[in-house]
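Work through the exercises below with the sequence and the 3D view open. Try each task before you read its solution.

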Amino acid sequence: MSKKIFVTDTILRDAHQSLLATRMRTEDMLPICDKLDKVGYWSLEVWGGATFDACVRFLKEDPWERLRQLRAALPNTRLQMLLRGQNLLGYRHYSDDVVKAFVAKAAVNGIDVFRIFDAMNDVRNLRVAIEAVKAAGKHAQGTIAYTTSPVHTIDAFVAQAKQMESMGCDSVAIKDMAGLLTPYATGELVKALKTEQSLPVFIHSHDTAGLAAMCQLKAIENGADHIDTAISSFAWGTSHPGTESMVAALKGSEFDTGLNLELLQEIGLYFYAVRKKYHQFESEFTAVDTRVQVNQVPGGMISNLANQLKEQGALNRMSEVLAEIPRVREDLGFPPLVTPTSQIVGTQAFFNVLAGERYKTITNEVKLYLQGGYGKAPGTVNEKLRRQAIGSEEVIDIRPADLLKPEMTKLRGEIGALAKSEEDVLTYAMFPDIGRKFLEERDAGTLAPEVLLPIPEAGGVVRAGGEGVPTEFVIDVHGESYRVDITGVGVKAEGKRHFYLSIDGMPEEVVFEPLNEFVGGGSSKRKQATEPGHVSTAMPGNIVDVLVKEGDMVKAGQAVLITEAMKMETEVQAAIAGRVTAVHVAKGDRVNPGEILIEIEG
Ligand code: MN
């Protein structure tokens, strides 16, 4: 008896999200689509997750246009996306009308299969998205966000799968975003799922700890029907098992995938070259790292955390942050670590380490979480921390979106004529600030993707200016414009990299290296805080809002600023009561730790 195993390739979504901070551009996808479409994959994962954010924030591509182009280029293959339930592709819960509109538009523009998950595994947060997918006539896949903790038992996962089955799902996925699955645990879980419910079982496992291929084999032997892979040049480590490897492993067995290995290898070679183009986004944490079996940090989160720590000159604190993450997670009742809980837990852990005191600063997202604003925590939260965070404020136990009024009309009004379509309104809904900026720049014809550095050759300095590589740009610093030309890049040695630039025609050599303390965003002219009336932050970040103006009277503990670091917002409070005598920041400013942002005279 033979049973064909179906393959989903993640090359166009999760593979580059996990290895290259989601930076692959549509221009590098389209040329190979003809071959991808001939493989005979069950589906290609192409959209959702962080791709929408990366398109709008960094690549200055319209994510909807990417989807339409991929749909046209892949006429014979199911297109799949990852959807965060009621969070859609943003970082908050949306009202039901936004969820319905988003799913309907994703379906119309080309998505066939919706993998829907909730970071808390609270199925109430999946219901509206599942209903919307079914209303569009598409495949709704219910997802178990896999994690380990005292409360995450096989029985609990099976109960969740049965609930999703009764909610109308067409399949169930085990989403092991961190690479936490071990082969025998996988076998037991899949066996229980196949016995207790009737939906096909998909297995999505990251190879972070080097175990994913073994897990998939055990899953297959215990009845799993589908596996997620990545073409080999974007496989393994924080990504997925290599497609060619899994196809070869199963070839000739009762589980043969039937896929053509020669064709897959041609595709693998194509992406081998593509990966080099994005070398500047290769995290140092994409290889196998068994620490995940202890700290539970997913691959995408490690590479993003590493990029953000590096940006802020604090890469050397990585181990401490990784050690703090499980402690924060326990305080929050063991949420699985996946967007957005991975950011919530990761950023709070980062603050706990870098502020030198646990929960000295508590992010607004942690407060919201502890209020029940993301749904029900899988375990019990630390009650003392909850009281510290939210005081006597009420905790909700209903579905968070039940508290939200319809939003689409309001959103349409806010973005106005900048939106040329309902899709544009949804882009704005996902990311109010960067979405609006994107639509404004598109209107003005000034969209410009971030600069890709030329590929360095081993042992030398490469000259910049290869074909299609932008090497000139204008930067604005405190209202003055400078023209910067990248003239060359040295190879990375001893953790340092040399860049050869000219600024307004003057040659400069810049060395980037990890620093022992924050230096943050460069040439700020702000003075260092020395007195209690000097309001400053403990973290580098951006100013989201300034809540006071000169002359205002403030109380001690009153919030005066909202800052954002790593997509998380924090309130900064006045340490003393008094009158605001100076405000040195405005919305959008980049700030560094210890700088005087506001002065208060007591
Ligand atoms: Mn994944």
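**Exercise 1: Two helices that pack**

The axes of helix H5 (residues 96-109) and helix H6 (residues 127-135) cross at roughly 35° and come within 9 Å. The model is predicted: local features need pLDDT of at least 70, side-chain atom pairs count only at pLDDT 80 or more, and totals for chains, interfaces and linings use all residues. Residues are numbered from 1 along each chain as its sequence is written, and side-chain values use heavy atoms, with hydrogens and water left out.

Task: describe how H5 passes H6, and list the residues that meet.

Solution.
- Step 1. Know the terms. Helices (H or I, at least four residues) and strands (E, at least two) are DSSP runs, numbered from the N terminus. Axes are lines fitted to C-alpha atoms, for helices over the stretch in contact, and angles run from 0 to 180 degrees between N-to-C directions.
- Step 2. Find the hand. The crossing of H5 and H6 is right-handed; this means that the near helix is turned clockwise from the far one by less than a right angle.
- Step 3. List the contacts (heavy atoms within 4.5 Å). From H5 come Asp 96, Val 99, Lys 100 and Val 103; from H6 come Val 128, Ala 129, Ala 132 and Val 133.

**Exercise 2: The barrel**

Task: in which order do the strands close into a barrel, and which residues are the bridge partners of Asp 9?

Solution.
- Step 1. Two strands pair if DSSP finds at least two bridges between them.
- Step 2. Eight strands close the barrel in the order E1-E2-E3-E4-E5-E6-E7-E8, with parallel pairing.
- Step 3. Strand E1 (residues 6-9) is joined to strand E8 (residues 226-229) by four bridges. Two bridges join E1 to strand E2 (residues 43-48).
- Step 4. Asp 9 has Thr 229 as its bridge partner in E8 and Leu 44 in E2.

**Exercise 3: The manganese ion**

Task: which protein donors does the manganese ion have, and what does the pair Asp 14 and His 204 tie together?

Solution.
- Step 1. Donors are N, O and S atoms within 2.8 Å of the metal (3.2 Å for Na, K and Ca); water is not among the atoms, so sites may look incomplete.
- Step 2. The protein donors are Asp 14 (OD), His 204 (NE2) and His 206 (NE2), 2.0 to 2.2 Å from the ion.
- Step 3. Asp 14 lies in helix H1 (residues 14-19) and His 204 in strand E7 (residues 201-205), so the pair ties together parts that are 190 residues apart in sequence.
- Step 4. Asp 14 and His 204 are both buried (under 20% relative accessible area; exposed is over 50%, partly exposed in between; 1.4 Å probe, protein chains only).
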